[in-house]
Amino acid sequence: MGRYEEEALPKSRQERVERLKKILVTIVLLLVFIPIVTSICLTFAFVIMNHRLEEARDRQSALEEQIVDLQFQLLESRQKQAEAESALGQDDPVEIETVSESENGSQDVQTEDGIKRVYLTFDDGPSRNTEAILDLLAEYDVKATFFVVGNTDEEAKAIYRRIVNEGHTIGIHSYSHRYSNIYASQDAFLEDFYLLSDYIYDVTGVRPDICRLPGGSSNTVSRISMSELVRTLDSRGITCYDWNISGGDADGHGLSAGQITNNVLNGVDRFQTSIVLLHDGADKYQTVDALEKILQELSRREDLEMGPITEDTPIILHIKY
């Protein structure tokens, strides 16, 4: 429509046209800006919700840690009470003989293919020595088994996760590793056991199904029947493993790295199936040095394989159950 024709339109009609134009412009602007504003609002809401979710997760993690600490304190309290009650019922103190973990078993399992199987196992971690051991195992591409104790600090949590994430097997040793407490009764042992089992599951998402009894199944510290304890654990899907080779690093005799190495290598020569006992506690620096020499030697041998304990690993146990 030309300008002349526009001017010829009645004024009322021109006003209606202008109103329609404004309405159309407004509709177009709304169609453009409403999605933008909505998107901004949704993004802002998502950021706020995500932040609140992270805060909730942090609070949940802190509460879980407090629960674990409270459970352990309760466990200690009950075990001390049991010890006190037991002591009151005795006329004379009872001397309990301890068994050195350096003692080897003599059991062996022949392999069907004639290839030696070597299972390196480490007790009493996690510690910084565990990290050094994990570094060495990664360097030689060897998987191992770690029977751990309870430790709730952040460094320990990272090590638990690293053990699992790098393909090693994690097993239960005990939460407290206090012989007088955990072996006071079967209930005391199981309470300590599941405290650590639940904690490892919370930290790693993996629930261990193997264990190594502190002192081994043949220890003479326990006030309870070890055969009955092993049967109880077995009925609950938990397999116990001892060892038939010890590095000798458990006791405070200050063995050199060379002596530990010789103990392991000589043992491996004797058996087709070798479950090797070593320790990765905070004071086991010689074990770290020995491990490098052990890995150097064993990795060169074509007649053996090293790996973690799995459901197919033969059971080496010092007692019958």
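This passage describes helices, aromatic contacts, salt bridges and a surface patch in a predicted model. Because the model is predicted, local features need pLDDT of at least 70 and side-chain atom pairs count only at pLDDT 80 or more, while totals for chains, interfaces and linings use all residues. Residues are numbered from 1 along each chain as its sequence is written, and side-chain values use heavy atoms, with hydrogens and water left out.

A convenient place to start is helix H6, which covers residues 186–204 (helices are DSSP runs of H or I with at least four residues, numbered from the N terminus). Its 19 residues reach 27 Å from the first C-alpha to the last, close to the 27 Å expected at 1.5 Å a residue; the expected span is 1.5 Å times one less than the number of residues. The buried residues of H6 include Phe189, Asp192, Phe193, Tyr199 and Thr204 (buried means under 20% relative accessible area, exposed over 50% and partly exposed in between, with a 1.4 Å probe and protein chains only). Just after H6, Gly205 adopts a positive phi of about 80°.

The aromatic side chains come next. The whole structure contains seven aromatic pairs (rings of Phe, Tyr and Trp, the last by its six-membered ring, with centres within 6.5 Å; planes under 30 degrees apart are stacked, over 60 edge-to-face and the rest tilted). One of them joins Phe193 and Tyr194 edge-to-face, at 5.1 Å centre to centre and 80° between the planes. Phe193 is buried, at 1% relative accessible area, whereas Tyr194 is partly exposed, at 27%. Ring pairs link both residues with Tyr179, Tyr183 and Phe189 into a cluster. Another ring, that of Tyr201, has the charged end of Arg207 over it, 4.8 Å from the ring centre (the criterion is NZ of Lys or CZ of Arg within 6 Å of the centre and within 35 degrees of the ring normal).

Turning to charged pairs, the structure holds twelve salt bridges (a side-chain nitrogen of Lys or Arg within 4 Å of a carboxyl oxygen of Asp or Glu). Arg162 meets Asp135 with an N to O distance of 2.6 Å. Arg162 lies in helix H4 (residues 154–165) and Asp135 in helix H3 (residues 128–139), so this bridge ties together parts that are 27 residues apart in sequence. Asp135 is partly exposed, with a relative accessible area of 44%. Arg162 also forms a salt bridge with Glu166, whose closest N and O atoms are 2.6 Å apart; Glu166 is partly exposed at 26%. Salt bridges with shared partners also join Asp113, Arg117 and Glu305 into one network.

Within H4, Glu154 and Lys157 are three residues apart, about one turn of the helix, and their side chains meet in a salt bridge of 3.4 Å, N to O. Glu154 counts as exposed at 51% relative accessibility, while Lys157 is buried at 5%.

On the surface, Val25, Val28, Leu29, Val32, Phe33, Ile36, Val37 and Ile40 make a nonpolar patch of about 710 Å². Patch residues have over 30% relative accessible area and no salt bridge, with like charges joined within 9 Å and nonpolar side chains (Val, Leu, Ile, Met, Phe, Trp, Tyr) within 5 Å; areas come from the Shrake-Rupley method with a 1.4 Å probe, and for residues only the protein chains shown count as cover. Ile40, found in helix H2 (residues 11–88), is exposed at 55%.

Finally, Arg231 belongs to helix H7 (residues 226–235) and is partly exposed at 41%. Arg231 and Lys320 are 89 residues apart in sequence and 9.9 Å apart in space, C-alpha to C-alpha.

How values were computed:
Helix = DSSP H or I, 4+ residues; strand = E, 2+ residues; numbered from the N terminus.
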